[in-house]
Amino acid sequence: MRITFFGAAREVTGSNILLEGPSGKILLECGLFQGNRHAQERNHEPFQYNPKSISAVIVGHAHLDHTGRLPKFVKAGFRGKIFCTAPTKELTELVLDDSANLMKHDAEEDGVRPIYTRADVAQTMQLFETIGYGEPIEIVNGVTLTFKNAGHILGSALSVLEFGGKKLVYTSDLGNVPSELMLPPDNIDSADYVICETTYGGRIHEDFKSRQEKLNSVIENTIAQNGVLMIPTFAIERTQELLHDIEHFCRTGDCAIPTFYLDSPLAEKVTKVFEKYPEYLNDKLKKTHKSGNYFGIDRLNVTSKVEESKQIENAPNPKVIIAGSGMINGGRILYHLQDFITYPKNTLLIVGYQAQGTLGRRLLEGEKEIKIYGKKYKVGAKVMAIGSYSAHADSAGLMDWVSKISGVKEIFLVHGEAEQQVAFARQVKAKLNLEATIPQAGETYEL
């Protein structure tokens with residue numbers, strides 16, 4: 001078996017790994033590159049292999065940086081099967097459909113053709129085949145796939161591939177422990193090869209227990225300042241974690257003030273998918289919310305239509321606005337920044353990973369003047385962050401998971417910025433006496 005890394009190699013986005021064996025070719029994910037205009041240019045480039053030659057695609061979870069080029073892949077001729085869990089299929093359809101809409105809008109603005117359309121998304125979804133955790137399936141002759149729980153987002157999966165007496169495990173993204181929503185990742189007892197994400201390979205998250213206290217403090221400060229709290233979130237998992245914590249705030253405090261807005265049609269749809277699959281959620285959550293109302297969405301002002309979103313600007317303060325996109329590189333959060341980022345009494349709260357080049361990353365690093373849709377704005381609002389909302393395992397979590405796998409001959413580090421990968425590689429060497437491989441884009445290895 002031969003493996004080539006075409007995406008998420010020494011960077012965080014664009015997951016795309018090709019496995020080639022005597023019985024066929026298998027693709028591990030087909031994600032969008034994200035972060036800057038150069039990333040968008042790469043998304044338009046042709047694939048470095050023939051999509052028609054691929055027998056199967058494996059999708060670990062629904063985030064765009066793992067699924068976002070699938071319609072382009074199908075458009076280019078792929079006609080095999082796409083394997084994932086049932087929740088991942090439903091979430092993928094939502095995010096791809098939303099992505100196609102955004103691409104259409106951006107293409108009209110820039111005068112270029114979109115990478116794909118909603119019709120391409122519909123064709124792509126016809127190729128999906130769902131399997132549950134722990135259900136082995138032969139996806140090509142001589143290669144068996146088994147999904148295990150990755151604990152990252154709803155339906156996220158570790159991929160265990162067995163072929164020719166060898167075993168390869170791919171994390172996709174590994175979940176953060178503990179999580180209010182997700183079950184912890186499954187442990188793997190043995191493997192010959194491991195492909196491990198390293199988004200936070202050199203960092204330790206904040207104490208999980210202080211998360212609720214910090215959120216409460218930020219909300220209470222918004223009330224005291226009679227200000228606006230803006231929270232850019234990813235529609236999948238991060239929004240639901242946040243809504244769960246706001247629901248807790250409402251149960252223990254005065255939820256009448258401030259007014260809470262969920263200004264993300266995609267997040268609203270995703271939340272309904274979460275409610276549809278309680279068997280994939282944390283047992284503790286199911287016990288404490290026996291009614292199934294895990295997210296207190298009935299307490300929020302859900303603004304599905306653009307007209308409703310625009311009315312938030314003139315609504316009285318204090319108010320809390322939850323809107324996409326999570327890295328502030330698009331979506332409705334940009335319009336709210338235009339309205340509120342210049343005022344010192346307001347706050348921008350970052351609760352998710354911000355890739356290099358994104359507006360979210362620049363704000364988090366202290367940029368004092370930003371440009372939105374061609375217009376400049378002074379950053380007067382406070383910019384804060386709560387790191388323990390991350391859906392990714394931190395350095396300690398990654399090491400704990402990897403250290404439980406026996407018989408590893410080689411570990412490949414992907415899905416991380418260079419300094420994070422180098423830091424984790426050093427830990428792997430020090431604690432496991434194993435030289436980690438950090439592949440560059442396009443590099444091939446024999447397994």
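**Entry 1: strands β4, β5 and β6**

I started at F83, which stands opposite E129 in β6. A reminder to myself before going on: this is a predicted model. I then looked up how β5 and β6 are joined, and I found three bridges between them, with the strands running parallel. Next I turned to strand β4, residues 56–58, which is joined to β5 by three bridges, again in a parallel run. Here I noted V57, which stands opposite I82 in β5.

**Entry 2: helix α4**

From the strands I moved on to helix α4, which covers residues 86–110. Does its length agree or disagree with what 25 residues should span? At 1.5 Å a residue I expected 36 Å, and the end C-alpha atoms are 36 Å apart, so the two agree.

Which residues of α4 are buried? I listed P87, T88, L91, T92, V95, L96, S99, A100, M103 and A107. I also wanted to know what covers them, and I found that the cover includes the helices α2 (64–67), α3 (70–75), α5 (118–125) and α8 (265–276). The strands β5 (81–84) and β6 (128–130) from my opening entry are also among the elements that cover these residues. Just after α4 comes G111, and I noted its positive phi of about 70°.

**Entry 3: helix α1**

Helix α1 takes in residues 37–44, and in it I found A39, R42 and N43 buried. Looking down the axis of α1, I saw these buried residues fall within an arc of 105°, so they line one face of the helix. What do they pack against? The answer is α3, a helix I had already met as part of the cover of α4.

**Entry 4: T271 in α8**

I picked T271 for a look at one side chain; this residue lies in helix α8. Is T271 buried or exposed? Its relative accessibility is 1%, so T271 counts as buried, given that buried means under 20%.

I then checked its polar partners. The side chains of T271 and Q240 are joined by a polar contact of 2.9 Å. A polar atom of the T271 side chain also lies 2.8 Å from the backbone oxygen of A267. Leaving aside residues up to four places away in sequence, I found T271 touching Q240, L243, F295 and I297.

**Entry 5: backbone oddities**

I saved the backbone for the end. Most residues other than glycine have a negative phi, and most peptide bonds are trans. With that in mind, I went looking for exceptions.

E29 is not a glycine, yet I found its phi to be positive, about 70°. I placed E29 in the loop between β3 (24–28) and α1. At 0% relative accessibility, E29 counts as buried.

E237 also has a positive phi, near 75°, and is a residue other than glycine. I found E237 in the loop between β12 (228–232) and α7 (238–252). E237 is buried too, with a relative accessible area of 2%.

Where are the cis peptide bonds I noted? One runs from V177 to P178, with omega near 0°. P178 lies in the loop between β10 (166–170) and β11 (193–197). Another runs from N317 to P318, and its omega is also near 0°. I placed P318 in the loop between α10 (306–311) and β15 (319–323).

Definitions and conventions:
Residues numbered from 1 in each chain as written. Predicted model: local features only at pLDDT ≥ 70, side-chain atom pairs only at ≥ 80, totals over all residues. Heavy atoms only, no water. Helix = DSSP H or I, 4+ residues; strand = E, 2+ residues; numbered from the N terminus. Expected span 1.5 Å × (residues − 1). Buried < 20%, exposed > 50% of the residue type's maximum accessible area, 1.4 Å probe, protein only. Contact = heavy atoms within 4.5 Å. Arc of directions from axis to C-beta. Polar contact = N/O pair within 3.5 Å; in protein donor to acceptor, adjacent residues only side chain to side chain. Pairing = 2+ DSSP bridges.
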